[in-house]
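Q: Can we zoom in on one charged side chain here and then work outwards from it? I'd like to know how it sits and what else is worth a look in the rest of the chain.

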Amino acid sequence: MRRDLKYFLFVLPSIIYVLAFAFYPSARAVYLSFENSRGQFTLANYKELFFFNIYGTIENTVIVTVGALLIQLGLALGISSILVREFRGKKLVSTISIIPMGVATVVAAITFSFIFQTSGGYANSFLHLFGLNGVNWYSTTLSSLFIVMIADSWKNTPIMTLILLAGMYSIPRDLYFAASLDGAGPLRRFIHVTLPNLKKFIAIALIIRGVSEFNIFALPLILIGYTPPLLTTLTYSLYSTTTKNLASAGAVLILALISVLIFLNIKLGGKR
């Protein structure tokens, strides 16, 4: 009993921190979203969101989240598959692969804004080298969202890579030797040995990055501004220009989407 109490006291600061800075603000936002300026219960805040193209905003947010997660997962699987092997220059490649993680989000966003500038951007200058015409990278909603996905993937793929690399190191080498003896090539070993043993690590990486993707804010704000809107940029815009109750309704929608993502991931992943 005394030992349990000692352990409880060790985790008590963490519990207080989570309750004070995560649960209370979330509960407060939910409460405010159902309140009008006179302090009365109402659903008007959620109805009013429809005037701000909330369906299109949710669609944009889901596109960015799913697209960025797929890009990051593909890159992380490729990079970690290389880094799990022993080769000359491995330390240098490992260091280079995690550098983006240490770059501030604002710096990354400004850098990518230079790359994709319509006039004089590095991407268009590269196209000019091959005699191609420049591209207006912000001409459509999808192309604008794609730039956000690319910039976000460059910044955050190292996090997913580290998680998957840890998972690959935990796979017994004997499984690969046995598969090789049975005639399995690199692709079949990856599909039938690596991926099944990485399931729980992939799930953890998707949850961590998925939650962050729904909260992505500074990057799209600098790269594309408020148009096309994401839930975070729309909520900030509502907070700056309307009432805190309406902004809270937008924040609650973000919380709901994150909750759905976590539920689906746990449900589809089964017992772990």
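Does K90 count as buried or exposed, and at what relative accessibility?

A: K90 counts as buried, because its relative accessibility is 13% and the label needs under 20% relative accessible area (exposed is over 50%, partly exposed in between, with a 1.4 Å probe and protein chains only). Before going on, a bit of small print: this is a predicted model, where local features need pLDDT of at least 70 and side-chain atom pairs count only at pLDDT 80 or more, while totals for chains, interfaces and linings use all residues. Residues are numbered from 1 along each chain as its sequence is written, and side-chain values use heavy atoms, with hydrogens and water left out.

Back to your lysine. K90 makes a salt bridge with E86, and their closest N and O atoms are 3.2 Å apart. The rule behind that term is a side-chain nitrogen of Lys or Arg within 4 Å of a carboxyl oxygen of Asp or Glu. E86, for its part, counts as exposed because its relative accessible area is 67%. That gives you a pair with a buried lysine and an exposed glutamate.

By that rule the count is three salt bridges, so the others deserve a look too. D152 pairs with R209, with 3.7 Å between the closest N and O atoms. This pair ties together distant parts of the chain, since D152 sits in helix α7 (residues 141-169) and R209 in helix α10 (residues 199-214), 57 residues apart. Helices here are DSSP runs (H or I, at least four residues; strands would be E, at least two), numbered from the N terminus. D152 and R209 are both buried.

R209 has another partner, E213, and there the closest N and O atoms are 2.5 Å apart. That link stays inside helix α10, where E213 and R209 are four residues apart, about one turn of the helix. E213 is buried, as is R209. Through shared partners, D152, R209 and E213 are joined into one network.

Now the wider setting. The chain has 13 helices and zero strands. Of its 272 residues, 37% are buried. The C-alpha atoms fill a box of roughly 75 × 75 × 30 Å along the principal axes. Contacts (heavy atoms within 4.5 Å) with a separation of 6 or more are 69% between residues 24 or more positions apart. As for charge, the mean positions of the 21 positive and 9 negative charges are 6 Å apart; Lys and Arg count as positive, Asp and Glu as negative, and His and the chain ends are not counted. Each charge is placed at NZ of Lys, CZ of Arg, CG of Asp or CD of Glu.

For a buried polar residue, try N245 in helix α13 (residues 244-269). N245 counts as buried because its relative accessibility is 7%. Leaving out residues up to four places away in sequence, N245 touches L32, S33, E35, N36, S37 and N45.

F190 is another one to click on, in helix α9 (residues 186-197). It is partly exposed, with a relative accessible area of 24%. With residues up to four places away in sequence set aside, F190 touches L77, S81 and L195. Its C-alpha atom is 48 Å from that of Y239, 49 residues apart along the chain.

Two backbone oddities sit in loops. Most residues other than glycine have a negative phi, and most peptide bonds are trans. N53 is not a glycine, yet its phi is positive, about 55°. You'll find N53 in the loop between α2 (44-48) and α3, and N53 is partly exposed at a relative accessible area of 46%. The peptide bond between T227 and P228 is cis, with omega about -5°, and P228 lies in the loop between α11 (218-223) and α12 (231-241).

Lastly, the surface. A nonpolar patch there includes L5, F10, Y17 and F23, and the whole patch has about 1300 Å² of accessible area together. L9, also one of the patch residues, lies in helix α1 (residues 2-33). Patches take residues with over 30% relative accessible area and no salt bridge, joining nonpolar side chains (Val, Leu, Ile, Met, Phe, Trp, Tyr) within 5 Å and like charges within 9 Å. The accessible surface of the chain comes to about 16500 Å², and 70% of that belongs to carbon and sulfur atoms; such areas come from the Shrake-Rupley method with a 1.4 Å probe, and for residues only the protein chains shown count as cover.
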